[in-house]
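This briefing introduces a protein structure to a reader who has not met it before. Please look over the sequence and the model before reading on.

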Amino acid sequence: MAGQKMLKFTTVARDMPEKRPPNLRKQDFGEIYAEYAREKAAEQAARCSQCGVPYCQTHCPLHNNIPDWLRLTAEGRLEEAYEISQATNTFPEICGRICPQDRLCEGNCVIEQSGHGTVTIGSVEKYITDTAFEEGWVKPIRPHAERPESVGIIGAGPGGLAAADMLRRQGVQVTVYDRYDRGGGLLTYGIPGFKLEKDIVMQRMAQLEDGGVQFVLNCDVGEDLSFDAIRGKHDAILIATGVYKTRDLPDSNADGIVSAIDYLTASNRKSFGDDVPEFDNGELDAKDKRVVVIGGGDTAMDCVRTAVRQGAESVKCLYRRDRANMPGSQREVQNAEEEGVEFVWLSAPNGFEGDPVTGVKVQKMRLGAPDATGRQMPELIEGSDYVEMADLVIKALGFEPEELPKLWGVDGLEVTRWGTVKADFGTGATSLEGVYAAGDIVRGASLVVWAIRDGRDAATAILEYLGQAATVAAE
C-alpha cells in the first residue's frame with residue numbers, strides 16, 4: 001500500500017509552491033513562496049523514487065533521512081515525518097528555507113538526473129516543520145535529568161544554537177554569549193526576510209529559552225566580559241563565532257562604499273522597527289540610488305534583492321566569472337533577474353571614482369585555464385576598462401575570521417593559517433583544555449547547514465569531555 005503512494009515522478013510533474021509575482025514581492029520583505037497545501041505536499045513527496053542509494057541524503061551536509069520523511073509525508077503521516085526530519089537537523093524550518101538545495105539534495109536527485117525534475121525537497125521540509133509548530137508537535141526541551149556541568153557558548157548563530165539545543169537535551173546547563181541584542185547571528189541580521197522571515201528565527205529562540213538556555217546578549221567578549229572570566233564560570237567553552245570580517249578591496253574607503261554585512265544588518269534592524277541612524281540618514285539605504293554590488297555569492301544575491309525592495313533606481317551585480325561559474329544559488333540569480341537586477345558577468349572592479357563614490361572602474365575579463373579546483377581562472381582583457389556609474393557600492397566578497405586571540409586577549413588559543421580557530425577535525429577540541437570550536441569551515445550565510453552540523457558535533461565532544469572530567473573529579 002505504501003509503495004503505491006510513491007514513484008509517481010513519471011506521472012506527476014514537479015511543482016513548486018506558488019511564487020508571488022515580482023512586481024508584488026519586491027514591494028516588501030515577506031517570503032516569496034506560498035506554503036504547500038497538505039494534498040500538494042503529499043503529491044510532490046510521492047514523486048520520490050525511493051532509490052536504494054539516496055544521493056539526496058549523501059549530498060546533504062547533515063545527512064538528513066530525506067527519502068523516509070518524503071514517504072511519510074506522501075502517506076499523510078506528518079508528525080512522524082517531522083520526527084524523522086528533526087532527528088538529524090536542529091532547525092529544519094530554517095534549512096527548508098535557506099539551504100541551497102539546488103546545489104545539494106535537489107541538485108543530486110536521481111529523478112532530476114533522469115530528466116523528470118527534482119523532488120521539491122526544501123519546500124516539503126519547510127511545510128512539515130511549519131505544520132509541526134502549528135500543531136504543537138515541536139515540544140519544549142525537557143531533559144530527563146539535570147546535570148551540574150555548565151557550558152558557555154560564545155556566539156548565538158546557527159552553530160552555537162545547535163550545540164545549545166543538543167547540550168540542554170542532555171541536561172547540561174548552557175549559557176550563550178553574543179555581541180548583538182538578539183540571538184540568531186546571520187539568521188537574524190544577515191539573511192533578509194524574503195528568504196527567512198524573522199518570526200521563524202524568534203520562535204526557535206523562544207523554544208530554546210523555554211528549554212532553559214540562558215542568553216547573555218549585548219556582550220562583546222574582550223570588552224564587556226573577558227574570555228578568561230567566561231571560561232572561569234563554566235566547565236567547558238564552545239567558540240561558535242562564525243566569520244564576520246568582510247573581505248575588502250584596495251582604496252574602497254570613500255563614502256557610499258559599504259560592506260554587505262553592515263548593509264544587510266541595517267535593513268534587518270529596520271524590519272524589527274529598530275532605530276538605525278545609518279539607514280535613516282541614507283548611508284545604508286538604497287532608495288533612489290544607482291546600486292552596484294560586487295560579488296557572486298549568496299550574500300551578493302541578498303544585497304541586490306534588498307536594494308530592489310528599498311527602491312533603488314537601478315541595481316547591478318558585478319562578477320568576475322560567468323553565470324555557470326558563480327558560487328551563488330542559480331535559483332537566487334533567477335529570482336533577482338525577475339525582480340529587475342542586471343548581472344554584469346566577467347567584470348571585476350579596478351578602483352573607484354569620487355568621494356562620495358560616483359562610479360566603479362571596471363575591467364572586463366575572460367575565462368582561461370582551470371585552476372587546481374577545476375574552475376576556469378578569470379583573465380584580464382587589456383583595454384576593456386570602463387566606468388559603471390554608482391551612488392552606492394556594496395562589497396559582498398565573502399567573509400574572513402576575526403583575530404580572536406588578539407580581540408579577546410587570550411594566550412594559547414592557536415589559529416590556522418587562514419585565521420580560524422585551530423581545532424581537531426573530529427572533536428572540535430582547541431589548543432586550550434575544555435575549549436572547543438564549531439563552524440570552523442563556515443564562510444557565509446548559504447552554509448548555515450555546516451554550522452548546524454559542526455555545532456552538533458562539537459556538542460557531542462563536549463559531552464564526552466564533561467563525562468571524562470567528571471570521572472577524573474570522582475577519582
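Does Thr306 count as buried or exposed? With a relative accessibility of 1%, Thr306 falls under the 20% cut-off and therefore counts as buried. The model is a predicted one, and the points below set this residue in its helix before turning to the nonpolar cores.

**Thr306 and its contacts**
- Thr306 is part of helix H15.
- Leaving aside residues up to four places away in sequence, Thr306 touches Phe29, Pro192, Phe194, Tyr263, Leu264 and Ser267.

**Helix H15**
- Helix H15 covers residues 298–309, which makes 12 residues.
- From its first C-alpha to its last, H15 reaches 17 Å, close to the 16 Å expected at 1.5 Å a residue.
- Because 12 of the 12 residues of H15 are buried, the helix is largely enclosed by the rest of the structure.
- The buried residues of H15 include the charged-type names Asp298, Asp302, Arg305 and Arg309 as well as Ala300, Met301 and Val304.
- After H15 comes Gly311, which has a positive phi, near 90 degrees.

**Nonpolar cores**
- The largest nonpolar core holds 70 residues, and Leu70, Ile153, Leu167 and Leu238 have the most contacts inside it.
- Helix H18 (residues 448–474) supplies the largest share of this core, namely 11 residues.
- Another core, of 29 residues, lies apart from the largest one.
- Among the members of that other core are Leu284, Cys303, Val308 and Ile394; Cys303 and Val308 are also listed among the buried residues of H15.

Methods: Residues are numbered from 1 along each chain as its sequence is written. This is a predicted model: local features need pLDDT of at least 70, side-chain atom pairs count only at pLDDT 80 or more; totals for chains, interfaces and linings use all residues. Side-chain values use heavy atoms; hydrogens and water are left out. A nonpolar core is a set of buried Ala, Val, Leu, Ile, Met, Phe, Trp, Tyr and Cys residues joined through side-chain atoms within 4.5 Å. Buried means under 20% relative accessible area, exposed over 50%, partly exposed in between (1.4 Å probe, protein chains only). Helices (H or I, at least four residues) and strands (E, at least two) are DSSP runs, numbered from the N terminus. The expected span of a helix is 1.5 Å times one less than its number of residues. Contact means heavy atoms within 4.5 Å.
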